[in-house]
Amino acid sequence: MTIASPNAVNSLHAKPKERAHGALSAFSGKALSAAATTWFVVAVAGQLIFVLYILSFYASSALQGNMQAWNKVLPTGHVPGDTLGNIAIAIHVLIAAVVTIGGPLQLMAKIRAGFPRFHRWNGRVYIATVVVASISGLFVVWTRSANGSFLQHLTISINAVLILIAAWFALRHAVARRLAEHRRWALRLFLVVSGSWFFRVILMFWIALNGGPAGFDPTTFQGPALVAIGLLQYVLPLAVLELYFFAKSSARPAARISAAGLVFALTGAMAVGIAVATMGMWLPKML
Ligand code: HEM
C-alpha cells in the first residue's frame with residue numbers, strides 16, 4: 001500500500017484558488033526557464049557563426065601571410081611599419097575566437113557538472129583571454145582605430161572596463177567558493193564579453209528595421225545611433241539579466257511570466273539581427 005505524502009494530502013485539501021496559484025506558479029517558472037534556454041541556444045548559434053567568420057576571414061588570411069586582406073573590413077587592420085599596432089589587432093581578433101567559444105562552454109550546466117576540471121581550466125583561460133582582449137581592444141581603439149567618434153570610442157571603452165570588473169568578481173567568488181555569487185558574475189561577464197557581438201547584432205537589427213543605415217553616416221561610421229547602440233550593447237543585456245534574476249526569485253508568477261515574454265520577444269529581435277548580420281556582414285567574407 002502506498003502512503004500519500006503530506007504534500008499530496010495538503011494539495012488535496014488546498015482550496016481551488018490556492019491550487020490554481022500553485023499551477024500558475026509552476027507554469028511561470030517553466031516559461032521563464034524555457035525563455036532563458038531559448039535565448040541561450042539562439043545566442044550561441046549566432047556566436048558560432050561569428051567565430052566561423054573570424055576563423056575563415058582573419059585566421060585564414062593570417063596563415064596565408066596576407067594580413068593586408070584585413071583592411072577590407074578594418075580600415076587600419078594592417079598598417080605597414082606599425083608592428084606594435086599590427087600585433088595588438090592580430091592578438092585582439094584571434095583571441096576573440098577563443099573567447100567566443102570558451103564563454104558558452106562555461107555556462108553549460110552539463111559540462112560544469114560532468115567535467116569540473118575542464119570548467120576550472122577553461123575558466124582560467126577565459127578570464128585571461130578576456131583581459132587580453134579588453135586591453136588590446138583599448139590599445140587599438142585609442143591609438144589607431146579609424147572608425148567612429150570620440151563618444152563611440154568611449155562607449156566601447158566602458159565595455160572593456162565592465163569586462164575587467166566582471167572578470168575580477170567572477171574569479172574572486174569562484175576562488176572563495178561563493179558559488180551563487182560566482183554564477184551571477186559569470187553570467188554578467190558572459191554578457192559584457194558578448195558586447196562586441198551584441199553591437200553587430202543590434203546594428204544589423206536597426207538597419208533592417210529602418211530599411212538601411214539610419215542615424216549614422218555609413219561612410220564615416222559616425223552618428224548618434226552608433227553612440228546609442230554602443231551603450232545598448234551592454235546596458236540592455238545587463239538590465240534584462242537583472243530583471244531575470246529578480247523575476248526568478250520573485251514570489252509573483254506575473255513577474256516571471258512578464259520576464260519570460262520580454263526574453264522571448266528580445267530573442268526574436270536578436271534572431272533577426274543575427275540573420276541580417278550573417279547574410280550582410282559575415283557570410284560574404286567567409287565565401
Ligand atoms: C572581449 C570581447 C571582444 C570580442 C569577441 C571582440 C571581437 C572583435 C572582432 C571580431 C573584431 C574585428 C572586427 C570585425 O571583423 O567585425 C574586433 C575589432 C576591434 N575591436 Fe574588439 N572584441 C572584443 C572586445 C573589444 C573591446 C572591449 C574593445 C575596446 C576597448 C574592442 C575594440 C576593438 C577595435 C578598436 C577593433 C578594430 C575596429 C576598427 O579598426 O575599426 N574590442 N573585435
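Phe221 is partly exposed, with a relative accessibility of 23%. I start with this residue because its value lies only a little way into that class, buried being under 20% relative accessible area. Phe221 sits in the loop between α8 and α9, and its phi is positive, near 55°, in a residue other than glycine. Most residues other than glycine have a negative phi. Please keep in mind throughout that this is a predicted model.

A second residue belongs beside Phe221. Arg177, also not a glycine, has a positive phi of about 55°. Arg177 is found in the loop between α6 and α7. Is Arg177 buried or exposed? Arg177 is exposed, at a relative accessible area of 59%.

Let me now turn to the chain as a whole. There are 10 helices and zero strands, so the order of elements from the N terminus is helix after helix, α-α-α-α-α-α-α-α-α-α, with helices taken as DSSP runs of at least four residues. The C-alpha trace spans about 85 × 45 × 35 Å along its principal axes. Of the 287 residues in the chain, 42% are buried.

The UniProt record, an unreviewed entry, lists "transmembrane region" for residues 39–63, 83–105, 125–142, 154–175, 187–209, 221–247 and 259–283. Two of these segments can be compared with the model. Residues 83–105 are 100% helix and 0% strand, and their end C-alpha atoms stand 34 Å apart. Residues 125–142 are likewise 100% helix and 0% strand, with 26 Å between the end C-alpha atoms. Phe221, with which I began, is the residue at which one of the listed segments, 221–247, starts.

The next topic is the ligand. How many residues surround the ligand? The number is 24, and the closest are Tyr53, Tyr58, His92, Asn147 and Arg200. By character, the shell divides into 17 nonpolar residues, six polar and one charged. The helices α2 (16–63), α3 (83–107), α5 (116–143), α6 (150–175) and α8 (195–210) each supply at least two residues of that shell.

Which protein residue provides a donor to the iron atom of the ligand? The single donor from the protein is His92, through NE2, at 2.0 Å. His92 is located in helix α3.

Several side chains also approach the ligand with polar atoms. In the side chain of Tyr58, an N or O atom lies 2.5 Å from an oxygen atom of the ligand. For Asn147, a polar side-chain atom is 3.0 Å from an oxygen atom of the ligand. With Ser196 the partner is a nitrogen atom of the ligand, 3.1 Å from an N or O atom of the side chain.

I come now to the charged pairs within the protein. The structure holds two salt bridges.

One of them joins Arg144 and Asp82, whose closest N and O atoms are 3.0 Å apart. This pair links distant parts of the chain: Arg144 lies in the loop between α5 and α6, Asp82 in the loop between α2 and α3, and 62 residues separate them. Arg144 is buried, with a relative accessible area of 10%, whereas Asp82, at 28% relative accessibility, is partly exposed.

The other salt bridge is formed by the side chains of Glu242 and Arg188, at 2.9 Å from N to O. Here too distant parts of the chain are linked, since Glu242 belongs to helix α9 (residues 224–249) and Arg188 to helix α7 (residues 179–193), 54 residues apart. How accessible are the two partners? Glu242 is partly exposed at a relative accessible area of 36%, while Arg188 counts as buried at 14%.

One last residue deserves mention. Trp206 lies in helix α8 and is partly exposed, with a relative accessible area of 30%. Trp206 and Leu241 are 35 residues apart in sequence, and their C-alpha atoms are 22 Å apart in space.

To close, I return to the two points on which discussion may be useful. The iron atom of the ligand has His92 as its single donor from the protein, and Phe221 and Arg177 carry positive phi values without being glycine.

Key
Residues are numbered from 1 along each chain as its sequence is written. This is a predicted model: local features need pLDDT of at least 70, side-chain atom pairs count only at pLDDT 80 or more; totals for chains, interfaces and linings use all residues. Side-chain values use heavy atoms; hydrogens and water are left out. A residue is near a molecule or strand if one of its heavy atoms lies within 4 Å of it. A polar contact is a pair of N or O atoms within 3.5 Å; within protein, one must be able to donate a hydrogen and the other to accept it, and residues adjacent in sequence count only if both atoms are side-chain atoms. Ala, Val, Leu, Ile, Met, Phe, Trp, Tyr, Cys and Pro count as nonpolar, Asp, Glu, Lys and Arg as charged, and the others, Gly among them, as polar. UniProt positions are given in the numbering used here, feature names are shortened, and annotations may be inferred rather than shown by experiment. A salt bridge is a side-chain nitrogen of Lys or Arg within 4 Å of a carboxyl oxygen of Asp or Glu. Buried means under 20% relative accessible area, exposed over 50%, partly exposed in between (1.4 Å probe, protein chains only). Donors are N, O and S atoms within 2.8 Å of the metal (3.2 Å for Na, K and Ca); water is not among the atoms, so sites may look incomplete.
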